[in-house]
Amino acid sequence: MSDTTGRSHGGRVVLRGIRKSFGSFEALRGIDLDIEAVEFFALLGPSGSGKTTTLRVIAGLEIPDEGTMTVDDVDVTYAPPGERDVAMVFQNYSLYPHMTLEANIGFPLKMDGVAKDRIPGLVREAAATVKIDHLLHRRPGELSGGQQQRCALARAIVRQPKLFLLDEPLSNLDAQLRLETRVELKKLQRSLNVTTVYVTHDQEEAMTIADRMAVFLDGNIAQVGTPEEVFNRPRNVDVAAFIGSPPMNLIEGHLDGRWVSIGDHRFELPRLPQCPAGKIIVGARPGHISLAASGLAATLYLSENLGESMLLNLSVGENLVKVRLPEVREFADNEALYLTFDAEHVHVFDPESGLRIE
Ligand SMILES: Nc1ncnc2c1ncn2[C@@H]1O[C@H](COP(=O)(O)OP(=O)(O)OP(=O)(O)O)[C@@H](O)[C@H]1O
Ligand SMILES: [Mg+2]
């Protein structure tokens with residue numbers, strides 16, 4: 001596919017039932033994924049959940065034990081990396097230390113057999129896109145981490161691939177540069193019109209940069225959706241416990257009609273459909289619980305001053321509950337406090353299946 005400028009569009013990637021074991025350890029346990037053309041798609045999950053393995057399967061660096069992968073409806077499950085029109089940026093950049101940036105960025109073109117006289121122009125264009133065209137004569141050792149990262153990006157985009165695969169590309173940058181670069185990366189992806197699969201364990205990064213994302217937990221995909229969907233309607237307690245910083249409080253409670261009780265505190269959930277009475281898990285984000293004159297009794301365990309807000313760690317029976325206060329104030333040690341819940345934003349989960357109750 002190509003548009004009026006002749007530039008190729010990204011491909012549509014479909015994974016079905018992908019399984020991959022290393023020895024007796026099953027790293028991927030049946031991955032199904034639909035990534036739309038030119039979408040910016042994040043693979044988010046904790047360490048060891050299978051993100052890199054999935055990206056390597058997409059790149060053709062790892063052959064799955066079971067399952068299939070197609071790009072634009074063509075089966076590429078067993079196609080070698082060179083036949084997939086993918087460019088990958090690794091966490092450690094993998095630049096050639098003895099080559100100049102110009103040679104590093106031009107290397108994939110040389111490998112592809114692009115005519116020699118066309119290479120310098122293409123290299124300069126890719127380098128200019130990521131603003132390192134003034135550094136082309138330098139070697140990687142003479143660059144900052146951020147500049148090396150841009151060089152790795154330039155080397156990936158110089159070929160104008162169909163799929164752009166990025167494995168934690170910002171993790172070696174300091175916090176400030178990471179924030180700046182993530183904005184630029186998003187802009188770059190928009191202008192290139194290339195399907196991008198982006199691995200990160202930083203959920204803020206995934207939430208801000210991705211059109212959609214998949215949450216990986218233990219070699220499975222726990223949820224796929226837009227960042228808003230995953231944040232606002234986590235499919236189960238595992239996703240709820242992972243997303244958000246700090247994540248949602250999950251507290252044992254009881255449901256009767258639309259009435260939730262936690263200990264002897266009761267409140268009504270106006271939007272909940274009628275469900276059978278019984279035990280539930282109540283989910284509430286730290287910002288959706290407030291202090292009040294009466295409510296759920298809690299004891300302050302530790303207050304953290306975050307500058308413009310506070311994070312209170314409270315004991316409620318056996319549970320530790322985190323509450324975000326929009327202002328900063330003084331508290332006494334072990335102060336007795338009362339909590340109320342913002343009913344519009346309370347989530348309810350089935351304690352047996354862990355699934356969200358709508
Ligand atoms: N070549 C390998 N040999 C053996 N085990 C492997 C291999 N590659 C990955 N694994 C295991 O498979 C699991 C998934 O690894 P993977 O690299 O996909 O995780 P990840 O989600 O990318 O984690 P991280 O955020 O730490 O990079 C891990 O438990 C890992 O130890
Ligand atoms: Mg990884």
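This section describes one β-sheet, the helix that packs on it, and selected salt bridges in a predicted model.

The sheet is open and consists of four strands in the order β2-β1-β4-β5, with antiparallel pairing. Its edges are formed by β2, covering residues 25-35, and by β5, covering residues 74-75, each of which pairs on one side only. Helix α1, made up of residues 51-59, packs on this sheet. The helix touches three strands, namely β1 (13-22), β2 and β4, and its direction makes an angle of about 120° with that of β1. At the β5 edge, strand β4 (residues 66-71) runs antiparallel to β5 and is joined to it by two bridges. One residue with a bridge partner in β5 is Thr70, which is matched with Asp75.

Across the whole structure, a search finds 17 salt bridges. Among them is the pair formed by Asp34 and Arg12, whose closest N and O atoms are 3.6 Å apart. Asp34 belongs to strand β2, whereas Arg12 is in the segment before β1, so this salt bridge ties together parts that are 22 residues apart in sequence. Asp34 is partly exposed, at 26% relative accessibility. Arg12 is likewise classed as partly exposed, its relative accessible area being 29%.

A further salt bridge links the side chains of Arg56 and Glu62, with an N to O distance of 3.0 Å. Arg56 has a relative accessible area of 27% and is partly exposed. Glu62 has a relative accessibility of 14% and therefore counts as buried, the cut-off being under 20%.

The salt bridge between Arg356 and Glu358 has its closest N and O atoms 2.9 Å apart. Here the arginine, Arg356, is buried, with a relative accessible area of 18%. Its partner Glu358 is partly exposed, with a value of 48%; exposed residues are those over 50%.

Some salt bridges share partners, and through these Arg12, Arg16, Asp34 and Glu36 are joined into one network. This network includes both residues of the Asp34 and Arg12 pair, and thus contains a residue of the edge strand β2 as well as one from the segment before β1.

Terms used: Residues numbered from 1 in each chain as written. Chains lettered and ligands numbered in written order. Predicted model: local features only at pLDDT ≥ 70, side-chain atom pairs only at ≥ 80, totals over all residues. Heavy atoms only, no water. Pairing = 2+ DSSP bridges. Contact = heavy atoms within 4.5 Å. Axes fitted to C-alpha atoms, helices over the stretch in contact; angles between N-to-C directions. Salt bridge = Lys/Arg side-chain N within 4 Å of Asp/Glu carboxyl O. Buried < 20%, exposed > 50% of the residue type's maximum accessible area, 1.4 Å probe, protein only.
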